[in-house]
Amino acid sequence: MIVFGKNVAKEVIDSKKEIKKVYLSKQFDDEKLIKYFEDNNIKINRMDKRILDQKFKGNNQGIALEIEDYKYYDIDEVLNANFLVMLDHLEDPHNFGAIIRTCEAKGVKSIIIPKDRGVVVNDTVMKTSAGALNHVNIIMVTNLVTAMNKLKDKGYFVYSAEADGKMYNEVDYASKVLLVIGSEGNGLSRLVRENSDEIISIPMRGVVNSLNASVAAAILIYGIGE
């Protein structure tokens with residue numbers, strides 16, 4: 001996986017992830033980062049900034065790293081948590097990164113995502129999460145409904161967010177919660193909805209009848225967790 005930017009580079013170093021290669025513009029002059037790469041015998045590839053910008057689009061700040069791919073966690077590793085979040089085929093990596101930040105801030109340690117037809121951990125997610133990814137476990141599962149039923153067998157109650165549910169602040173929540181957030185365009189998938197224990201909603205008193213997925217997730221993560 002390729003990631004870029006000074007802050008992301010520092011987060012990668014702090015997380016002890018393996019750095020395979022480093023690409024720097026000829027003008028890059030962060031002495032602390034350069035010294036770290038040299039001290040750890042990490043190959044540095046210097047190139048003209050124009051070429052670096054063509055190769056790694058976006059605000060790369062003159063630095064890009066090739067690192068190991070993200071290692072997803074297994075669902076069996078998180079069954080001791082009282083609050084889990086599941087993303088039902090979320091598509092926008094910026095929303096994913098923002099949700100990771102919210103979970104880390106609230107102390108929610110694990111997020112479940114599907115293997116197919118959804119966002120995965122990539123450079124945008126890492127950058128948007130602003131370091132929070134290092135403190136939140138991402139679990140990738142083959143089938144969301146199978147994972148939901150496994151969690152229900154372990155005592156979790158599944159609350160899924162949709163516009164036509166019970167107001168979230170009027171619900172008496174179980175001691176073990178799985179909160180499901182639907183995708184940006186389609187909301188909850190049919191089978192996920194059918195296998196949920198309760199559909200919950202956020203009160204909407206304005207003209208706009210929906211919220212950005214990461215904003216809705218933040219409201220519910222904090223609202224349910226109080």
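These legends go with close-up views of a predicted model. Local features need pLDDT of at least 70, side-chain atom pairs count only at pLDDT 80 or more, and totals for chains, interfaces and linings use all residues. Residues are numbered from 1 along each chain as its sequence is written, and side-chain values use heavy atoms, with hydrogens and water left out.

**View 1. Six strands form an open, parallel sheet.**
The strand order is 7-6-5-9-8-10. Strands are DSSP runs of E with at least two residues, helices are runs of H or I with at least four, and both are numbered from the N terminus. Two strands pair if DSSP finds at least two bridges between them. Strand 7 (137-141) and strand 10 (198-201) stand at the edges. Each has a single partner strand, so one side of each is left without a neighbour in the sheet. The twist averages 35° from one strand to the next. Strand 8 (residues 157-167) pairs with strand 10 over five bridges, in the parallel sense. Here K166 stands opposite I200 in strand 10.

**View 2. Strand 6 (110-114) is mostly covered.**
Five of its five residues are buried, that is, under 20% relative accessible area (1.4 Å probe, protein chains only); exposed means over 50%, and partly exposed lies in between. In a regular strand the side chains alternate between the two faces of the sheet. S110, I112 and P114 point one way from strand 6, while I111 and I113 point the other way. Two bridges join strand 6 to strand 5, and the two run parallel. M86 stands opposite I112.

**View 3. Helix 4 and helix 6 pack against strands.**
Contact means heavy atoms within 4.5 Å. Helix 4 (residues 93-106) lies across strand 5 (83-87), strand 6 and strand 7. It runs at about 155° to strand 6. Helix 6 (residues 144-153) packs on the sheet and touches strands including strand 8 and strand 9 (177-181). Its direction makes about 165° with that of strand 5. Axes are lines fitted to C-alpha atoms, for helices over the stretch in contact, and angles run from 0 to 180 degrees between N-to-C directions.

**View 4. Two loop residues, N41 and R117, have positive phi.**
Phi of N41 is near 55°. N41 is found in the loop between helix 2 (31-39) and strand 3 (44-47). N41 is exposed, with a relative accessible area of 73%. Phi of R117 is also near 55°. R117 is found in the loop between strand 6 and helix 5 (123-128). At 66% relative accessibility, R117 counts as exposed.
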